[in-house]
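Please find below some notes on the chain contacts and salt bridges, set out as numbered points to be read beside the coordinates.

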Amino acid sequence: MKPVIAAKSFEQLLKALHQLSSKYLVVAPTTEDGVEHYRPITQMSEEQKSQVERLSLRNQPPLGSVKPFLFPDSEIYIEFTKKDGKLDVQTPRASVPQIILGAKPCDVVSLELIDKVFLEDPVDGLYQEKRDNTVLIVNQCDEMGANCRCDDFGVQRSTGSADLLMSKDESSGKILLKAQSEKGNILAEELLKEGMEENPVFREPKVPVKEALESEKIQQAMDDFFESPFWEELAMRCIGCATCTFYCPTCHCYDIRDFQRKEQGARYRTWDSCMFPDYTRMAGGHNPRPTRKDRVQNRFYHKLSYFVKNEGALGCVGCGRCGEKCPVGISMDTVLNRIGGEVNDK
Amino acid sequence: MMQDTFEPKIIAFCCNWCSYAGADLAGTGRLKYPENIRIIRVPCSSRVDSALVLRAFQNGADGVMIAGCHPGDCHYDTGNYHTRKRMMLLKSLMEFMGLDEERLLVKWISGNEADRFKDTVESFTSKLKKMGASGKVRDLRCAK
Amino acid sequence: MCKITEELQQIAAELLKEGKVDLVLGYTKGEQEEQSVPCIVTQPEDASKLIFDEYSEKALSKYLLEESFQDKKVAIVLKGCDQRAFKLMQDESRLGREDVYLIGVECPGMKWGEDLSPFCLHCDYRTPAKEDVDSLLTGADIPEAMQGEPLDHEDSFTDINRLEKMSKEERFEFWKRQLNRCKRCYTCRNACPVCTCRVCVFDRENPDYIDRAKDQMAQHQFYHVIRAFHVSDRCVSCGECARVCPEGIPLHLLNQKLLRELDKFYGEYQAGIDEVPTPLSHANADEPDFFGKEGKA
């Protein structure tokens, strides 16, 4: 059974979620100094509540994706202390259950893409733990945002691993939730206890679904395009910062480092970016990707070619964050338009 | 209650030619100064860049002291002129960011000013004892 | 098409046709509306791609240090602030003037969202000096707010004044809130036209200057103090650091604070306009001693 439940208003939903805050960490998109991110929400002013409502139901993802709540930018995973000549190794506390409210279909698909990397053998325990502990409440967009290209990547209606789908009934102002997983069912039960009601129907989004790009075709076009002078041009324009990779919801590279102080220390992992020159630098000083061209090319080839070959899907969800924040305006479009053009010219 | 038991950690960068000699003289003259201070000898006070100061704070220092030759006495002629320029900027930037700039002390101490060295360490230590532990530029991992 | 764009395309085409330069580095229309992006033109017939408008924010001069621009004759489009950055690099012997053909352009002031960039409103060096460039293109469509005298120098520090009036704890909270969002993507560093070290201290593995952890405020504070410090006296006030920051951190405030302190104690200095050495690359006995016997302890 897939129960549909309804809250009278968004405010009631927030209230119900707030009641669950002893059990769950509640995360929702908020604005701070004009910057939109998913953040844990606690006590909120009326103004903040309306921001959360606006961003949760908006047809465009916020600047930050949900990624940091499953794959944090820094994460300690071993702590060690030297005591009486012996090394005492501990693993820090387990993650807490969390609800992510107002995630977008592109976020869901991006997590599914990261799953392909982190949940396949060998399984990444840190990620798995958080993934299992996360309940995603997904708002299906009704139309596309200004920078969105999710239609090309077949992401618009994808809600495969969403736990609850969310939709607003414009006429009654009700917020409808439809559970579609075990975790979703449990949360729906809990929300019912907090004053939400059962509802007979769920409103399906109106979004028209366009035919997505064929991953194999893109991969083939990319491979044919490898020697093009276009990459030289693109690399000349790129300034080599990590904005694109850090805001990308599917980028998942990390670096492992140790922090040490006297008799104790910690081993942590932290986001790394293939745009940094030291990303591929080896201990002996050799760098297999010495130039910016190699690095720029790698980023696009990883998403549009290697990922297809290894995991059978394009490594991009078309959320448009990279292009929006790139200081020199390089986006997925820049490349896709070019390879498209090049393929047609043949 | 905190003030009574709190012993601040002070990192002192002492220039090889004047201040380190001053500290040395204090030692041979059997002057007693608080053991809160950890001296690091540097070739010149201008060797200390802002990164070293912040690094000390991050790793648990409650105060940082930079001691160099009196202006005009620098072994390298202009080293301490650079020091005072940079450290003034660092202090004002720290203040601007709301950090405790008074935890950074710059002092000119010559090779024969053992007393001045002792007095400086004493007054800086007691000042830091009153201020309590530094928490603002601290890396909190592994902090007991 | 505006006059500058037209003349620019003409000059670029001529330079390429006559073989005076191998490539022209300028701006072209980006993929999005209201966006101009850096571009390289190598063929005379492509010169029509070039434009110059109020969205041509990105400073181009730093590109000249990139590997791919070496051993090439380059013509580059420079607006005032960018030319200052170029002059600074030239004075610091980072590149030779004779290898580059400079096309100076009169800057109409860049956009900042809907409005004009606050940095441009305070800028008194919109157009490079004629003797510093090889061709100078003027006749930009200057918006009303940019006409006449630039806003007063003091006014350009309004934000600093606001912060300085706060208590220390308030300032700390302000910066904590701002820097908490930092992801250390190094966009501010890479976009800064005067941040030009061959190997940046933050990229160096040995000594390992910076801890990569992003959950430690202390590491963010460390990065931002050092970044501001390393460009302090060389800052050309273009505002790129604040523009490119994806998290909207007002990084320019740190630079402006340092500039103001330098101006106050060592006399006014404008990098890339006044002669080198820059204030922090020399020091002498006559300067104020803040740490003397009676001074600031």
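1. In this predicted model, Asp211(C) and Arg141(B) form a salt bridge across the boundary between their chains, with the closest N and O atoms 3.0 Å apart. This pair belongs to a count of 6 salt bridges between chain C and chain B.

2. The contact that surrounds this pair can be described by residues and by area: 47 residues of chain C are in contact with 38 residues of chain B, and the two chains bury about 4000 Å² between them, of which 63% is on carbon and sulfur atoms.

3. Helices also meet across these two chains, since the axes of helix H4 (residues 79-96) of chain B and helix H9 (residues 252-266) of chain C come within 10 Å and cross at roughly 135 degrees. Angles over 145 degrees would count as roughly antiparallel and those from 65 to 115 as roughly perpendicular, and H4(B) and H9(C) are therefore oblique to each other. The crossing in which H4(B) passes H9(C) is right-handed.

4. Which residues make the contact between these two helices? On the side of H4(B) they are Lys85(B), Met88(B), Leu89(B), Ser92(B), Leu93(B) and Phe96(B), and these meet Leu253(C), Leu254(C), Lys257(C), Leu258(C), Glu261(C), Leu262(C), Phe265(C) and Tyr266(C) in H9(C). Sorted by character, the residues of this contact comprise 10 nonpolar, 1 polar and 3 charged.

5. Turning to chain A, 35 residues of chain C are in contact with 37 residues of chain A, and about 3200 Å² is buried between these two chains, with 50% of it on carbon and sulfur atoms. On the chain C side, the residues that lose the most area to chain A are Glu31(C), Lys183(C) and Lys214(C), which together account for 18% of what that side buries.

6. The count of salt bridges between chain C and chain A is 6. A salt bridge joins Asp278(A) to Arg212(C), where the closest N and O atoms are 3.0 Å apart.

7. Over all chains the count comes to 57 salt bridges. Within chain A, the side chains of Lys8(A) and Glu197(A) meet in a salt bridge, at 3.6 Å from N to O. Lys8(A) lies in the loop between strand E1 (4-7) and helix H1 (10-19) of chain A, whereas Glu197(A) lies in strand E10 (residues 197-198) of chain A, so the pair ties together parts that are 189 residues apart in sequence.

How values were computed: Residues numbered from 1 in each chain as written. Chains lettered and ligands numbered in written order. Predicted model: local features only at pLDDT ≥ 70, side-chain atom pairs only at ≥ 80, totals over all residues. Heavy atoms only, no water. Axes fitted to C-alpha atoms, helices over the stretch in contact; angles between N-to-C directions. Helix = DSSP H or I, 4+ residues; strand = E, 2+ residues; numbered from the N terminus. Parallel < 35°, antiparallel > 145°, perpendicular 65-115°, else oblique. Left-handed = near helix turned anticlockwise from the far one by under 90°. Contact = heavy atoms within 4.5 Å. Nonpolar A, V, L, I, M, F, W, Y, C, P; charged D, E, K, R; others polar. Buried area = accessible area lost by both parts, 1.4 Å probe. Salt bridge = Lys/Arg side-chain N within 4 Å of Asp/Glu carboxyl O.
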